[in-house]
Amino acid sequence: MPPHKARSARNSIGSLVATLAFAATPAFAADALDTLVAAYPETIQARLGNDLILHNGARLDAGVSDSAMPFDIVLIHASVRDMFRIAYPTGSPLTAPAENFDPGRFRNKALFDAMYGDCRKSEVTPNLVSVVWLPKHWGHQIEVTRINGVADRLSQISSEIDALPEPVRRAAWPIAGTYACRGVADAQQPSMHAYGAAIDLNLAFSSYWLWDSGKVARAVWRNRMPEQIVDIFERHGFIWGGRWYHYDTMHFEYRPELLGLAPAPASR
Ligand SMILES: [Zn+2]
């Protein structure tokens with residue numbers, strides 16, 4: 001079995017377990033906190049018991065993940081450990097997720113504030129840098145954070161998408177946005193756009209559950225984002241909003257802790 005298929009099969013099983021039991025599912029290390037330390041070497045220095053120690057001196061309690069806590073409450077008040085409640089699946093095919101299967105939508109605000117800053121306190125913009133998106137076929141500058149190597153990763157992603165065939169590449173530009181100091185529409189929490197660590201691609205190729213909810217009684221998952229583009233982002237540590245029950249198929253955000261990747265190279 002090729003590595004790609006093996007990973008897909010393993011994640012399918014992990015997804016099933018997460019869906020049925022809604023259980024704490026540390027990604028790829030023995031403990032979720034070790035996975036975080038490995039995924040963010042530039043900002044997280046170490047773990048000490050149930051605490052994370054950041055290079056900037058911040059110390060965060062990872063809390064607990066209470067499986068009895070309702071989905072809507074976790075969405076607003078996720079602990080660090082809650083971020084690993086649902087394992088993120090990769091590989092093909094891209095299919096409709098089960099109800100409330102939203103791997104990556106549980107985000108601990110304190111952790112991301114400590115790493116990227118709080119945009120409402122003007123702490124994010126000093127770390128935004130420009131990346132030329134698809135220099136061969138579009139060539140506009142986008143603003144993203146340099147922290148955790150996000151800008152460098154997006155530059156590599158841009159080069160790979162630039163080399164794709166036109167019909168596939170077309171879904172990646174013009175982009176709909178990167179940095180925006182705003183919250184998630186249904187969760188009253190900062191989105192990864194508020195940290196400069198997310199990108200929305202071509203609006204014309206996107207499907208979003210909240211927009212669809214206005215047209216039908218219950219939003220039904222659909223997708224026009226090419227699998228080649230999803231695969232490139234995931235290989236560079238970005239999760240895709242199309243793998244969520246509450247789908248957002250133009251959305252990608254940097255969440256290497258959910259992808260079990262090797263540590264990112266040190267950024268500029
Ligand atoms: Zn987005």
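## Asparagine 108, tucked away

Let's start with a polar residue: asparagine 108 is buried, with a relative accessible area of 11%. Keep in mind that this is a predicted model. Asparagine 108 lies in the loop between helix H3 (71–77) and H4.

What does the side chain of asparagine 108 reach? Its partner is the backbone nitrogen of leucine 111, at 2.9 Å. Leaving aside residues up to four places away in sequence, asparagine 108 also touches Ala78, Ser79, Val80 and Met83.

## A tilted pair across the chain

Helix H4 (residues 109–116) also holds phenylalanine 112, which is buried at a relative accessible area of 1%. Phenylalanine 112 pairs with tyrosine 195: the ring centres are 6.0 Å apart and the planes sit at 40 degrees, so the pair counts as tilted, falling between the 30 and 60 degree limits.

Tyrosine 195 is buried too, with a relative accessible area of 2%. It comes from the loop between helix H6 (166–169) and strand E6 (198–200), so this pair ties together parts that are 83 residues apart in sequence.

## The other rings

A search of the whole structure turns up 9 aromatic pairs. There is also an aromatic cluster, made up of Tyr40, Trp133, Phe233, Phe238, Phe252 and Tyr254.

Then there are the arginines. Arginine 170 lies over the face of tryptophan 173, at 3.7 Å from the ring centre. In another spot, the charged end of arginine 105 sits over the ring of tryptophan 244, 5.9 Å from its centre.

How values were computed
Residues numbered from 1 in each chain as written. Predicted model: local features only at pLDDT ≥ 70, side-chain atom pairs only at ≥ 80, totals over all residues. Heavy atoms only, no water. Phe/Tyr/Trp six-rings, centres within 6.5 Å; stacked < 30°, edge-to-face > 60°. Helix = DSSP H or I, 4+ residues; strand = E, 2+ residues; numbered from the N terminus. Buried < 20%, exposed > 50% of the residue type's maximum accessible area, 1.4 Å probe, protein only. Lys NZ or Arg CZ within 6 Å of the ring centre and 35° of its normal. Polar contact = N/O pair within 3.5 Å; in protein donor to acceptor, adjacent residues only side chain to side chain. Contact = heavy atoms within 4.5 Å.
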